[in-house]
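Me: Got a model open here. Can you walk me through it?
Reply: Sure, here it is.

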Amino acid sequence: MTAIWSVDTEKFYENAVNVAQGNQLMAVVKNNAYHYGLEFAVQQFKKVGIQTFSTTSLREAIRIRKLAPDATIFLMNAVYEFDKLRAYHIQMTLPSLDFYYEHVEDLYDIQVHLEYENLLHRSGLKSIAEMREVLIHHAQNKNEQRMIITGLWTHFGYADEFDVPDYEIERKAWLDLVDTLLTDGYQFDLIHAQNSASYYREDGVFPHHTHARVGIALYGSRPYSDV
């Protein structure tokens, strides 16, 4: 027996409108838009007014570019196919200090977002000192062809947990880092950190942030049980 799964397009759209609430969202569409179908999800999110998307796959990022020629597309995983990033105007994470020094010349004309590791310890620059090192080294690079520092981001690994203090710890560390860099005079076109759980816990987008990077809530899933 074959099972058929269908999506009510109107309900999907209405849910996305309710989640956005007029805020600037970066829609996470990784894993074929959580298996809803990349083309379907991007089309519906564009109708809502979302023009910024993120994924973990370069192949998906290229597909998004074809679906949304004017969108901002952010790749959360680092890749080495730098020519494709340039060709399709895809922005990418800067995942570590080692990656920066190893590929500083390869990254010319690519817009990167400095990633802060925080508590998740998955990838990212480890401290404000490493952030400053990249920013200072980049400012001193006189090469006309060099990378473009466009964004600043992190991921909250504990925003859906309420019985441990980890979210408050990672939240404070991140907001302190953002405040420090902005006070230092650095500017970023995009600053984003909040996943669905943080977005709902904070009732919107953090101050000084351009977007919340929302995934599962846009697809109708609760980021934690009492939402």
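Reply: One term before the strands: two strands pair if DSSP finds at least two bridges between them. Also, this is a predicted model.

Me: OK. In S3, what is the bridge partner of Thr-55?
Reply: Leu-75.

Me: And how many bridges join S2 to strand S3?
Reply: 4 bridges, and the two strands run parallel. S3 covers residues 72–75.

Me: What about strand S1 and S2, how many bridges there?
Reply: 2 bridges, again with parallel strands. Ala-27 stands opposite Phe-53 in S2.

Me: Which way do the S2 residues point?
Reply: Thr-52 and Ser-54 point one way, Phe-53 and Thr-55 the other. All of them are buried. In a regular strand the side chains alternate between the two faces of the sheet.

Me: Switching to the core. Which residues have the most contacts inside the largest one?
Reply: Phe-45, Phe-53, Leu-114, Leu-152, Trp-174 and Leu-218, in a nonpolar core of 65 residues. Helix H8 (residues 166–183) gives the largest share, 6 residues.

Me: Is there a second core, and what does it include?
Reply: A separate one of 6 residues includes Val-28, Phe-74, Met-76 and Leu-190.

Me: Back to Leu-218. What does it touch?
Reply: Beyond four places away in sequence, its contacts include Phe-12, Val-19, Ala-27, Phe-45 and Ile-50.

Me: Now pockets. What volume does the largest have?
Reply: About 450 Å³.

Me: Which lining residues are closest to its centre?
Reply: Lys-30, Tyr-34, Arg-122, His-155 and Asn-195, out of 26 that line the pocket.

Me: How does that lining split by class?
Reply: 12 nonpolar, 9 polar and 5 charged. Helix H2, helix H9 and strand S8 each supply at least two lining residues.

Conventions
Residues numbered from 1 in each chain as written. Predicted model: local features only at pLDDT ≥ 70, side-chain atom pairs only at ≥ 80, totals over all residues. Heavy atoms only, no water. Core = buried A, V, L, I, M, F, W, Y, C linked by side-chain atoms within 4.5 Å. Buried < 20%, exposed > 50% of the residue type's maximum accessible area, 1.4 Å probe, protein only. Contact = heavy atoms within 4.5 Å. 1 Å grid on protein atoms, 1.4 Å probe; cavity = no way out; pocket = protein on both sides within 12 Å on 5 of 7 lines; lining within 4 Å. Points joined across faces, edges and corners; volume = space filled by probe spheres on them. Nonpolar A, V, L, I, M, F, W, Y, C, P; charged D, E, K, R; others polar.
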